[in-house]
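Could you walk me through this protein model, from its sheet to its pockets? I would like an explanation in plain paragraphs that I can follow with the structure open beside me.

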Amino acid sequence: MLIAAPALERLVASIFYKAGCHETEANQIARYLVEANLVGHDSHGVIRVAPYIDWLRDGRVVANQSIEVVLDAETFAVVDGRFGFGQVVGEATMRLGLEKARRHGVAVIALKNAGHLGRIGDWPLLLAREGMISLYFVNTNGGGILVAPFGGIERRLSANPIAAGVPVDGGSPILLDISTCAIAEGKIKVALNKGVRVPAGAIIDAAGQPTDDPQVFYANPPGAILPFGGHKGYGLGILVEILAGALTGGGCSRTGERRVANGMLSIILDPAQLQPGDEFAAEVRRYIDFVKSSRTAVPGGEILLPGELEERTRAARLAHGIELDDNTWGQITGAARTVGLTPREIEAAIADG
């Protein structure tokens, strides 16, 4: 089905409000989840509604939390998310880092015990719109253990994304948001819901054999995701575990923990203080033009910067709606019913786009 973004956002906000989130928090969660769908990252969008509601009911994520700054210095801080929704504690953490970077030119913020932070690209985008460069390392120190080490077949790492953003004077920010594994677990969920296969070389079964069947990944015993690029992605994944897990205090991936909690190390830089004047902006623009001037592999082709495809997808989906498969829509409306929304209230939320 196709559904307009504002209607989907209203429905999702209604679900979280009915589940016990205050109105501002419910709206914030909904905005970030729908935004992920708008930019084409369906794996981190409204497909997460039903699991989030399950986690809230089980106490694995806690509604209406604020961050606790447990260590505060001029240029760095350690922040405890107290297992609040990542869309809320993540943004609050970014606001803290932005304030420090504006004062001192640099900020390093270690966030631990955050609920699922969603699409990590939201955070460098937020900072880039404020003129800041930022870099992120994120792990999941419990229920999100997903990835086999290079040469192994059992899960030992989380997806461990790396993200970064760079402001571009007069243009859209450069935005990088990648996992250090071959496929995000959310994309496996999307494939499962749609009844399609995952790309070859992304996952293995419990015996270590290659498979493209998403059901095998969720079997008992489960499969595992492979690192991207073999030893290269594995090496980056180990680095992310240390920076986002051990250094934040949240911990590295481990078995025996059902809660999905993120750790995130954020490095924020103010280019206006490092390179006073227009030199930085001018050099970024010059380099972008140089990269895009390359001859293309396909006649009439185009060279895109990181983040440009997402922008185009966003414009298209705002204009034409967000497509949801029947399974995902059923899971969303099922979650709505479990929190007490009636069919009439569900219809009212999505009425009139």
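The paragraphs below go from the sheet to a buried residue and then to the pockets and the cavity.

Please keep in mind that this is a predicted model. A good place to begin is the open sheet, which is built from 7 strands in the order 2-3-4-11-5-6-7, with mixed pairing. At its edges stand strand 2 (68-72) and strand 7, and each has a single partner strand, so one side of each is left without a neighbour in the sheet. From one strand to the next, the twist averages 15°.

Now look at what lies over the sheet. Helix 4, residues 86-104, lies across strand 2, strand 3 (76-80), strand 4, strand 5 and strand 11 (262-269). With respect to strand 4, helix 4 runs at about 165°.

Within the sheet, the pairing of strand 5 with strand 6 (residues 162-166) is worth a visit. These two strands run antiparallel and are joined by 4 bridges. One residue to find here is Phe 137, whose bridge partner in strand 6 is Ile 162.

Ile 162 also leads us to a residue outside the strands. Ile 120 sits in the loop that connects strand 4 (106-114) with helix 5 (122-128). Along the chain, Ile 120 and Ile 162 are 42 residues apart, yet their C-alpha atoms are separated by 8.1 Å. Is Ile 120 buried or exposed? Its relative accessible area is 5%, and because buried means under 20%, Ile 120 counts as buried. Once neighbours within four places in sequence are set aside, Ile 120 is in contact with Tyr 136, Val 138, Pro 161, Ala 163 and Asp 177.

Next come the open spaces. The largest pocket has a volume of about 830 Å³. It is lined by 39 residues, and those closest to its centre are Arg 48, Leu 146, Ala 159, Glu 185 and Gly 186. Which elements supply at least two residues each to this lining? They are helix 3 (49-58), strand 5 (133-140), strand 7 (174-178) and helix 6 (185-194). Helix 6 gives the largest share, with 4 residues. By class, the lining of the largest pocket holds 18 nonpolar, 12 polar and 9 charged residues.

The second largest pocket has a volume of about 240 Å³. Helix 1 (5-18), helix 2 (23-38) and helix 5 each contribute at least two residues to its lining, and the largest share, 5 residues, comes from helix 2. Among the lining residues are Ala 5, Glu 9, Tyr 32, Leu 125 and Arg 314. What is the make-up of this lining by class? The second largest pocket has 6 nonpolar and 6 charged residues in its lining, and no polar ones.

Finally, there is an enclosed space to find. The model has 1 cavity of 30 Å³ or more, and the volume of this largest cavity is about 40 Å³. Its lining includes Val 147, Leu 157, Ser 158, Thr 180, Cys 181 and Tyr 234. Ala 159 also lines the largest cavity, and you have already met Ala 159 among the residues closest to the centre of the largest pocket. The lining of the cavity divides into 6 nonpolar and 4 polar residues, with no charged residue.

Note on methods. Residues numbered from 1 in each chain as written. Predicted model: local features only at pLDDT ≥ 70, side-chain atom pairs only at ≥ 80, totals over all residues. Heavy atoms only, no water. 1 Å grid on protein atoms, 1.4 Å probe; cavity = no way out; pocket = protein on both sides within 12 Å on 5 of 7 lines; lining within 4 Å. Points joined across faces, edges and corners; volume = space filled by probe spheres on them. Nonpolar A, V, L, I, M, F, W, Y, C, P; charged D, E, K, R; others polar. Buried < 20%, exposed > 50% of the residue type's maximum accessible area, 1.4 Å probe, protein only. Contact = heavy atoms within 4.5 Å. Pairing = 2+ DSSP bridges. Axes fitted to C-alpha atoms, helices over the stretch in contact; angles between N-to-C directions.
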